[in-house]
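Biologist: Could you take a close look at one part of this model for me? Please spell out the cut-offs as you go.

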Amino acid sequence: MVVGFHAVFLWGTPPPAVRDESGFLIFQDISEVMLWLNPFRKGWAGVELFLVISGFLIHLIYLRSRDNFRFKDFYRRRFWRIYPPYLIVLVALFLIQGNTTTDLLWHLMMVHNLYDPAHFSINGSFWSIALEVQLYAIYPLVILASAKMGMKRTFALALSINILLTILGIFVPSLNDTFWFGTFLFKLWYVWVAGALVAEMFHDGKPLFKKPLLVAIIAFILFIISDFNYVSEYITTMLATLSATALMDFVLHKKTAPVPKISIWTDRALSFTGMISYSLYLVHQPVLEYFRKLSPNISFLILALLISFVLAILCYHVLEKPSIAIGKRLAHPRGLRPGTKA
């Protein structure tokens with residue numbers, strides 16, 4: 001979704017939004033309508049979908065291993081899974097592009113999403129990796145709050161913070177003109193907590209919604225049309241989150257037989273794409289931007305996508321897998337594994 005979103009905006013950018021007095025978009029011709037309705041134009045919601053899935057998986061792992069859960073182990077696994085591949089790609093891009101040392105320092109500390117000049121400076125996709133790391137950092141707050149008042153109220157708290165910050169942005173327009181405010185940790189915290197809420201309900205054997213598929217469909221339709229009015233743009237992320245959360249709830253609790261596999265090759269292709277997805281996320285945007293500068297021809301887009309996948313495969317085997325292996329060896333020296341005795 002995100003790769004498609006970046007490709008569409010580089011090779012088919014919609015014209016600047018023109019609105020009437022009520023805030024609705026005005027289109028000059030059908031081609032503008034098609035550009036705005038392009039499914040990949042909404043691909044940025046892949047970040048929201050990822051945050052929901054991340055909150056679900058991380059919290060479900062905690063719930064299932066609560067007695068043996070240690071934050072030391074949690075952060076160690078997250079570090080070796082995320083930071084070394086990110087660091088190597090970051091330094092490589094820094095050396096190739098000639099960014100400032102200040103940009104590099106903000107990225108090394110994983111806080112570049114909080115500083116506009118560095119937000120997109122080295123790799124535009126990196127801001128969400130910083131956000132994810134910050135969400136991991138405050139995960140103890142989620143556990144503490146849910147223990148004190150339950151996960152539903154914890155989600156209500158996170159959503160309330162988002163609403164207050166959104167209102168603040170309306171009354172202080174200069175905030176909405178910044179990148180950091182739109183991707184501020186506590187403005188998107190509720191998206192991650194929504195996934196944790198689904199995990200809590202699933203762990204207890206309960207669905208979150210009575211009719212999750214209906215909720216998902218309605219939320220998705222509203223999400224698709226939300227761009228057409230200025231007022232509704234403020235709730236676009238909420239609609240994307242609601243759609244992703246309800247769809248996940250439906251899949252987890254559906255009572256019908258599982259969907260049959262299309263083919264073994266399709267399953268392998270999807271699994272393989274998922275396996276290299278982090279590496280693809282790390283490398284795709286600089287490649288797309290480089291080839292777009294060379295030519296606006298669609299053939300260069302196809303070439304850029306192919307090279308992005310090749311680089312992602314290399315990154316996965318050369319950076320990701322070794323990094324994870326090093327983390328496991330350091331955690332369990334001399335070949336020891338959890339449950340074994342020295």
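Modeller: Happily: here is the pocket story.
The model is predicted, so local features need pLDDT of at least 70 and side-chain atom pairs count only at pLDDT 80 or more, while totals for chains, interfaces and linings use all residues. Residues are numbered from 1 along each chain as its sequence is written, and side-chain values use heavy atoms, without hydrogens and water.

The largest pocket (an open set of 1 Å grid points where a 1.4 Å probe fits, with protein on both sides within 12 Å along at least five of seven lines) holds about 1,500 Å³ of space. Trp44, Gly182, Thr183, Glu233 and Thr237 are the closest to its centre among its 40 lining residues, those with an atom within 4 Å of a point. Two or more lining residues come from each of helix 1 (2-11), helix 3 (45-64), helix 9 (151-171), helix 10 (173-176), helix 11 (179-182), helix 12 (185-203), helix 14 (236-253) and helix 16 (277-294); a helix here is a DSSP run of H or I, at least four residues. By class, this lining has 19 nonpolar, 14 polar and seven charged residues, with Gly counted as polar.

To set it in context, the second largest pocket has about 1,100 Å³ and 30 lining residues, with Phe50, Gly274, Ser277, Tyr278 and Tyr281 nearest its centre. Helix 3 gives the most to that lining, nine residues, and among the other elements supplying at least two are helix 4 (71-97), helix 7 (126-137) and helix 15 (264-275). The lining of the second largest pocket splits into 19 nonpolar, seven polar and four charged residues.

Technical notes
Points joined across faces, edges and corners; volume = space filled by probe spheres on them.
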